[in-house]
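Student: I'd like a close look at one part of this model, the backbone around the sheet and the loops leading in and out of its strands. Can you walk me through it?

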Amino acid sequence: MLPSRHIFAVVYLLGASSTLALEVVWARLMALAMGSAVEAIACVLAAFMGGLGAGAWIGSEWGDRVRRPARIFAWLQLVGALAAALPYLVFLLPAKVAFFFGLVSVTAASLPLGILFPLASRVRADDGTSRGGRAGMLYALDTGGALLGCLLAGLVLIPLVGMLGTLLLAAGTKLLVAAVVMVIYRRIGSDAADHPVMDEEPPAAGSRLKQVLLLAAVQGFALLGAETVFSRTLSFVLYRGSTTYAFVAMLATVLGFTSLGAWWAGRGAGKDALGRAWKFAVLSGACLLLSLALLLVAGPVPESGAVGLAALLVTLLACGPPSFFSGAVFSSACKVAAGGGAARGPGRVLAVNTFAAVLGALLVPLALVPLLGLGMTLALLGLFPVAAGLLVSKRREGRRPWPAALAAVLAAVLLVLAGPRWVRHLGRVIFYHEGSDVSVAVVAEQGGKRLFVDGIAVAGTDLIMSTDQKTLAHLPVLLHPRPRSVLTVGFGSGGTSYSLLLHPDLQVDCAEISPAVIRAADYLTEANHGLLEHLSPRYRLHLEDARRFLTTTGRSFDIIANDCTDLAYKSDASLYTKDFFELVRRRLAPGGIAAAWIPLRGEAPYRVMKTVLKTFADVFPSVSLWVFDAHPVHFGILLGGSAPLDVDMSRVKRVLKNPKVARDLRAIGLDDPLRLATSRHLDGRTLRAWVADSALHTDDRPVVEFWAPLESGDDASAYRFLLSAGPATPAVVRHVGALTRRDIGCRIASRPGLLSGHRAWLEGDLEGARLFYLRALRACPDDPGVRVLLGIGEEKTARLEEQIHRPLSNPGALVLLGAVRLYEGDYRRALDLFAAGRLANPRDLGALMGVGLAHLGAGRSRAARRVLFRILASGAGEQLEKRALAALSLARLPAPLGRALWALTFAGL
């Protein structure tokens, strides 16, 4: 049978794992209740750490005086289990007091958990284990259990059973720990007499205790602050902005290496624990400086790539060594302080370490990072342990610390001057700012400018980003019969807000969580047109978390547009949960429209995309997915409401009479009412049938947050997704007027060719893209958008007409314009132009091929065969011969069948 102390070690590890699992759940709950702003997150972390620190201090004061520490330990586990659900009460209170109650509840729930460490140290001393080194070993168990809880809760339990299920499992684990300790209590008591307590260290003198508490405090401040910087830089450099995996990987590495360091230092023999403690502190600070150097040279993960082993390796190398030596400092500090009592010494070390960590949780994100930046903050955090260690060495051994201190400062300065290199891969950076919550960069590219937030492109002035911003603004406004108020979630470049304000009757509100994003607006005036400099009375900007804004506001809106960036990035996935969509629905006015920008990139079977669509459709009675085909994009617009959304062409034409709106849409090729009318890709019935077997994404079980970073996909994958979803289901069009059903029908018929052409173009198959675009033009010759894609827009056609009417005919212009007329189905005019080009240049076999195709399209098979035989007899090139043979095969078929196949294979010929 295992000795009782070994059983106690196992259950203590389980109790520590459940504590960390509770922290993860509480942090998520408070983010949902109080918002995801960095201030709220920092306050919640500080409240948790403060509760642990207060508990550790209480345990250090009376832990040595209690008669039955094991029984009290068990009762505290029971109290911790019962208090686990206390933070859930925050959802029952008004939003104005929920924040303060949330902090109080987290502190109250974590306070009994903080008492456990000094009390467990007393239990271990009573069962015959030596106090000093074994307190360090106990800390190793504590952090090892936290590692287990971090991995289970952060990666397995929450996506599997949800936050409530995780909380219940953690509380159940604490109940199990309490029961086991109660059962073995008498055994522990009997062991105490057989194993007297042995001190490894003499009682700590006042100066030695102060020195070791100084080291513990500096380590707590530096390591907790470094965790904040690590989570920011790792998500920027390695994890595509995915703070879920960046935070879990970072925290697991910190906890794991801290546990190893505490175990390694705790098992070491020797009396000079203080001498080792200051050396470990210096090494910990030096490793933080090396971590900064590593992060400066680490390369970013491609935006379309998934999280991989290289990112995990860099995480281990950057976060592991400083955490290892930090754990060694704590373990050595417990040895020094153990002379003051089995509970008192280690409890005070933990309390001081935790209280300093509270300062790190608040000062680093809220003050140091905005003031100094990430690189300089991490360098400063590395200097603190070095300075503290050298100061202790000077007082203890009389050594002169200045050479080592100067070397550390010089290394920190050089590293700061070298950074921040984690933006170098973005391109020519014209603006960069590291705020308290995000790092923002504006990059000048060949096609325009782009706004990057933590390395993720979120907005810009190029064609794709402009299409994103303008379609999200104009589409719901065009479909709503009488919109008066709009809320847009996210400012970005300000392009969406500017486009909304072009509609003169709209009152526009914008909720933006990050002030750093607003600072970049002056560098993106091509998108926002100086919106913030000349603030309209119809525009209000709210620097607030969108969820909290919608919870606290008493207003309703005709349109709520969600303009997020990437489902794998930060807390964006929380704005796509069923709970958030239900909140949006409650804030919609009667007849209101919810619009959500949605990225379509992914990989089969498109688990992430189907989950988001299923969740949206589960909330809104009427849903539809809209994708515009004027040029290649990688996103769609989800629209939801209480009733089906029809296209009122009379309203669309009336809105487009506004020259500002028409000009704004013309910039992205969407000033065409027909294109707007035929851009619905999936209606509600088709969408629901396609995603029927998918999961729901909820606040309690946020599966998309965990799946999205692991699902890679380039822009072309968006079109593979669209084509796999089946044919488009166009919207009902009312008040057609002069626009005939035939015009709309031909646009619908051309859409598969356009989508397939966009996919081919994004895959790098330019010839295949041209052939698909030609098929689209064949289906709808009057579509100006297809002409633009083929490079034969109206302006170019006009220039060709001008060239062929000059006195000296241009053979190239004649043939090219003949091809345009052939694509349009004007075979007579095409035949005249090809014949004129042939006369101007008798050697041009391309013109002769055009003559044959014009005859074939007009149904004159015999004339087409004569021309095609002439091409084959003239020794044309291989490609032209293949096309002539294919056309000749069609010409030999009966006229109706030949013309039908000609329509299908026209683009290839």
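**Loops and strands around the sheet**

Tutor: Let's start in a loop: His529 sits between helix 16 (525-528) and strand 7. Keep in mind that this is a predicted model. The phi of His529 is near 55°, which is positive although the residue is not glycine. As background, most residues other than glycine have a negative phi. His529 has a relative accessible area of 44%, so it counts as partly exposed.

Following the chain out of that loop brings us to the sheet. It is an open sheet of eight strands, ordered 7-6-5-8-9-11-10-13, and the pairing is mixed. Strand 7 (539-543) is at one edge and strand 13 (680-682) is at the other; each has a single partner strand, so one side of each has no neighbour in the sheet. From one strand to the next, the twist averages 25°.

Now zoom in on one pair. Strands in a sheet pair through backbone hydrogen bonds, in either a parallel or an antiparallel sense. Strand 10 (residues 622-626) and strand 11 (residues 635-641) take the antiparallel option, with five bridges between them. If you want a specific register to check, Trp626 has Ile637 in strand 11 as its bridge partner.

There's a helix to add here too. Helix 13 (residues 463-479) lies across strand 8 (557-562), strand 9 (588-599), strand 10 and strand 11. Relative to strand 11, helix 13 runs at about 20°.

Strand 9 also leads us to another loop with unusual backbone geometry to inspect. Pro605 is in the loop between strand 9 and helix 19 (607-619), and a cis peptide bond with omega of about 10° joins Ala604 to Pro605. For context, most peptide bonds are trans. Tyr606 is in that loop between strand 9 and helix 19 as well, and its phi is near 60°, again a positive value in a residue other than glycine.

What about exposure at Tyr606? Its relative accessibility is 9%, and since buried means under 20%, Tyr606 counts as buried. Compare the labels for the two positive-phi residues: His529 is partly exposed, while Tyr606 is buried.

So, if you're going through the backbone torsions, the entries to pull up are phi at His529, phi at Tyr606, and omega for the bond joining Ala604 and Pro605.

Note on methods
Residues numbered from 1 in each chain as written. Predicted model: local features only at pLDDT ≥ 70, side-chain atom pairs only at ≥ 80, totals over all residues. Heavy atoms only, no water. Pairing = 2+ DSSP bridges. Helix = DSSP H or I, 4+ residues; strand = E, 2+ residues; numbered from the N terminus. Axes fitted to C-alpha atoms, helices over the stretch in contact; angles between N-to-C directions. Contact = heavy atoms within 4.5 Å. Buried < 20%, exposed > 50% of the residue type's maximum accessible area, 1.4 Å probe, protein only.
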